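Colleague: I have the sequence and the coordinates open. Can you walk me through them?

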Amino acid sequence: MFSYDTTDNTNVNITKIDNKFIAMTETPIPIEYDPETLDTIGVLRYDDKLLGNLTTAHPHYDHNTNESFNYLTHFSRNSKYNVYSITAGKTRNLIASIEAKTPSYMHSFGLTEHYIVLVEFPLVVNSLDLLLSGRPFIENFKWRPEQGTKFTLINRLDGKVVGIYSSEPFFAFHHINAFEVDNKVVIDMITYKDNNIINSLYLDVLRGNDPMDIPVSQYRRFTIGLDDGSVGYKIMHEGLELPRINYQLNTRNYNFLYAVGMSSVTSFTYRLVKIDVQTGDSVSWTEQNCQPGEPVFVPRHGAKVEDDGVVLSVVLDPNSGKSFLLVLDSKSFKEIARASVPHHIPFGIHGQYYGDEVT
Ligand SMILES: [Fe+2]
């Protein structure tokens with residue numbers, strides 16, 4: 001029997017809720033931990049009764065309004081996306097409850113100054129299949145390219161759906177940023193042409209003698225015209241994953257993207273990349289055989305320009321069988337320091353910096 005309540009393996013991301021440190025996954029069971037000792041404290045219970053079985057480990061935060069946002073997919077005969085915000089404490093405020101006949105697997109979403117952006121890829125599930133199939137969660141989702149991909153814009157203030165816009169089918173895990181300009185909404189994502197990326201990441205496939213080629217991603221900039229309902233996109237770069245920005249610029253136009261570079265055949269990740277979004281120029285960091293993790297940008301205290309700070313990445317070094325924390329100057333993308341540990345650290349997925357200010 002399928003149950004959403006059986007895993008507390010919250011290894012996807014961390015955040016803060018009600019000033020508490022939280023580890024998260026896609027089941028809506030946030031686990032509080034002690035930031036000093038990393039000891040598990042326990043499940044954080046919300047002060048509300050919002051319904052849902054699936055969430056994202058990519059909540060958004062608006063630095064201008066001090067609100068955080070996320071949504072829950074509630075699977076039932078009448079499945080819904082319950083979109084909510086948290087302004088303080090542990091109470092989630094329902095913004096919108098949107099009908100989803102066959103809910104889509106969405107790993108993240110977009111946020112602009114006025115809108116929440118749900119991008120529903122045609123990787124969809126029948127709720128009954130989830131309950132009855134007994135198969136692993138993601139294997140219940142079916143690729144239905146004929147449905148295309150659907151962008152739903154939700155007004156943050158009143159929860160009204162401003163518009164639903166369709167495009168060709170594609171899949172993505174990660175939104176990068178979204179913002180509004182000239183009555184258009186710009187949405188940046190790391191995309192794949194279909195859902196094969198999920199199949200290629202199964203451990204037995206990766207470990208097998210004949211691993212699949214990992215599909216090459218495209219960093220795409222989608223533009224939705226609010227006047228005419230048009231949806232178009234531009235390919236900005238290829239072969240990237242785990243994208244990060246200076247998160248102070250979330251919901252606003254930005255100039256720099258940090259990401260890992262993915263090799264399509266030989267290795268999982270092989271370089272860190274900084275991209276100038278305006279010019280397309282890029283610089284990268286590599287070290288032979290090393291496999292870097294997600295680059296986390298940390299602004300310098302009092303920084304006046306977007307890329308003034310450092311980039312942190314936990315790097316797996318198969319040469320020594322150990323890992324190290326790499327610190328890059330985010331302007332030059334040159335190494336400032338590294339801190340090695342006497343063992344390897346298995347690949348993490350996402351991380352955040354909550355330490356002292358960088359001076
Ligand atoms: Fe993610």
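Modeller: What follows is a set of questions and answers on the metal site, the strands, the salt bridges and the domains.

Modeller: Keep in mind that this is a predicted model.

Colleague: Which protein donors hold the iron ion, and how far from it do they lie?

Modeller: Each donor is an NE2 atom of a histidine. The residues are H58, H107, H174 and H350. Their distances from the iron ion are 2.0 to 2.1 Å.

Colleague: How are the donor residues of the iron ion spaced in sequence?

Modeller: Start at H58 and read on through H107 and H174 to H350. Between donors come stretches of 48, 66 and 175 residues. The pattern is H-x48-H-x66-H-x175-H.

Colleague: Which parts does the pair H107 and H174 tie together, and how far apart are they in sequence?

Modeller: H107 sits in the loop between β9 (93–99) and β10 (110–111). H174 belongs to strand β16, residues 171–181. The pair therefore ties together parts separated in sequence by 67 residues.

Colleague: What arrangement do the 4 donor atoms around the iron ion make?

Modeller: Look at the angles they subtend, which run from 92 to 153°. Four donors count as tetrahedral only if all angles lie between 85 and 135 degrees. Square planar needs opposite donors over 155 degrees apart. The range of 92 to 153° therefore makes the arrangement irregular.

Colleague: Is H107 buried or exposed?

Modeller: The cut-off for buried is under 20% relative accessible area. H174, its fellow donor, has 6% and counts as buried. H107 has 8%, so H107 is buried.

Colleague: How many residues of strand β11 are buried?

Modeller: Strand β11 covers residues 115–120 and is mostly covered. Y115, V117 and V119 point one way, and I116, L118 and E120 the other way. Both sets are buried. The count is 6 of 6.

Colleague: Which residue in β11 is the bridge partner of L111?

Modeller: β10 and β11 run antiparallel and are joined by 2 bridges. A hairpin of 3 residues connects them. The bridge partner of L111 in β11 is I116.

Colleague: Which residue in β14 is the bridge partner of Y115?

Modeller: β11 also pairs with strand β14, residues 149–155. That pairing is antiparallel, over 6 bridges. For Y115, the bridge partner in β14 is N155.

Colleague: Which residues does T152 touch, leaving out those up to four places away in sequence?

Modeller: T152 is in strand β14. With a relative accessible area of 3%, T152 is buried. Among its contacts are V161, G163 and I164. The others are I116, V117, L118 and E120.

Colleague: How far apart in space are T152 and L131?

Modeller: In sequence, 21 residues separate T152 and L131. Taken C-alpha to C-alpha, their distance in space is 27 Å.

Colleague: How far apart in sequence are the parts tied together by R92 and D48?

Modeller: The side chains of R92 and D48 form a salt bridge at 2.8 Å, N to O. R92 lies in the loop between β8 (80–86) and β9, and D48 in the loop between β4 (40–43) and β5 (54–55). The pair therefore ties together parts that are 44 residues apart in sequence.

Colleague: Which residues are linked with R156 in a network of salt bridges?

Modeller: R156 meets E67 in a salt bridge of 3.2 Å, N to O. R156 is in the loop between β14 and β15 (161–167), and E67 is in strand β7 (residues 67–74), so the pair ties together parts 89 residues apart in sequence. Both residues are buried. The network links R156 with E67 and D62.

Colleague: In the pair R300 and D308, which residue is buried?

Modeller: Their side chains meet in a salt bridge, 2.7 Å from N to O. R300 has a relative accessible area of 26%, so R300 is partly exposed. At 15%, the buried residue is D308.

Colleague: How many salt bridges does a search of the whole structure find?

Modeller: Those just discussed include R92 with D48 and R300 with D308. The search of the whole structure finds 13.

Colleague: How far apart are the centres of domain 1 and domain 2?

Modeller: The domain assignment gives domain 1 as 1–238 and domain 2 as 247–359. Over C-alpha atoms, their centres are separated by 23 Å.

Colleague: How many residues does the contact take from each domain?

Modeller: Contact here means heavy atoms within 4.5 Å. The contact takes 33 residues from domain 1 and, from domain 2, 23 residues.

Note on methods. Residues numbered from 1 in each chain as written. Predicted model: local features only at pLDDT ≥ 70, side-chain atom pairs only at ≥ 80, totals over all residues. Heavy atoms only, no water. Donors = N, O, S within 2.8 Å, 3.2 Å for Na, K, Ca; no water. Tetrahedral: all angles 85-135°; square planar, octahedral: opposite > 155°, others 65-115°. Helix = DSSP H or I, 4+ residues; strand = E, 2+ residues; numbered from the N terminus. Buried < 20%, exposed > 50% of the residue type's maximum accessible area, 1.4 Å probe, protein only. Pairing = 2+ DSSP bridges. Salt bridge = Lys/Arg side-chain N within 4 Å of Asp/Glu carboxyl O. Domains from an automatic or database assignment.
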